[in-house]
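Me: I've got a model open and want to talk through its helix packing, its core and its cysteines. Can you take my questions in that order?

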Amino acid sequence: MPDQEAKDGLLVGDDGKSRCWWHGGKPDYLAYHDNEWGTPISDDQILFQKICLEGFQSGLSWYTILRKRENFRAAFANFDIDKVAAFTEADVERCLLDEGIVRHRKKIESTINNAKRAQEMRSEFGSLAAYFWAHEPKSEDRPTNFTFEDLRVLGKTETSTRVSKDLKKRGWSFVGPTTVYAFMQAMGMVNDHVEGCICREKIEEARAAFIRPLKSAG
């Protein structure tokens, strides 16, 4: 990374616009940065997919997972919570033979386990979205001007540590504080596009317009 990029965390593209450096100019990674990362989400199926894929990322790069994402969707019934919760040992073995995904038994079994825990969470809170968005950090707990230096020290936070502990108590797995924070970034609970990135203001506007889901009264 050139010194200027390391200093401000920005990469100027062929279009002359500045973006967070981490997409590295790769077309698929660039599209993910511009169109997905940080956009606030309340769809349970997408949230489940994101937290599972962040778990699969553990020890790997996100780009590795991104390139395999369609294969993961095919292997795990598009991350339909009820369908994945019903997976059997035969499905585990099927996934272990699937060269298109990360063939890690514990992570595959974790995805099935977490689907069952997600069903329990929906019963308690009405939705996964209601549970996760209830943990959104307050604005005063976030940096005022989000810089590259801020991002470098935010591998995990008090919020992600607290959520991680609670998820583990509920029986979830592969949900450590760093994994949870990456999930929070991806789902738009926080806006970690650095200052100067063309997406930062767009995500701020999306978060301002986003209607936070509430726990079901039932």
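Me: At what angle do the axes of helix H11 and helix H12 cross?
Reply: Quick caveat: this is a predicted model, where local features need pLDDT of at least 70, side-chain atom pairs count only at pLDDT 80 or more, and totals for chains, interfaces and linings use all residues. Residues are numbered from 1 along each chain as its sequence is written, and side-chain values use heavy atoms, with hydrogens and water left out. Helices here are DSSP runs (H or I, at least four residues) numbered from the N terminus, with axes fitted to C-alpha atoms over the stretch in contact and angles running from 0 to 180 degrees between N-to-C directions. H11 (residues 158-169) and H12 (residues 177-187) have axes that come within 8 Å, crossing at roughly 115°.

Me: Which residues of H12 meet H11?
Reply: Contact means heavy atoms within 4.5 Å. On the H11 side, the residues involved include Ser160, Val163 and Leu167. Their partners in H12 are Pro177, Val180, Tyr181 and Met184.

Me: How many residues are in the largest nonpolar core?
Reply: A core is a set of buried (under 20% relative accessible area, 1.4 Å probe, protein chains only) Ala, Val, Leu, Ile, Met, Phe, Trp, Tyr and Cys residues joined through side-chain atoms within 4.5 Å. Phe48, Phe72, Phe76, Phe132 and Leu167 touch the most other members, and the membership is 61 residues.

Me: Why is Cys20 not bonded to Cys197?
Reply: A disulfide needs a pair of cysteine sulfur atoms within 2.5 Å. Cys20 is buried, at 0% relative accessible area. Cys197 has the closest cysteine sulfur to that of Cys20, but it's too far for a bond, at 3.8 Å.

Definitions and conventions. Buried < 20%, exposed > 50% of the residue type's maximum accessible area, 1.4 Å probe, protein only. Helix = DSSP H or I, 4+ residues; strand = E, 2+ residues; numbered from the N terminus.
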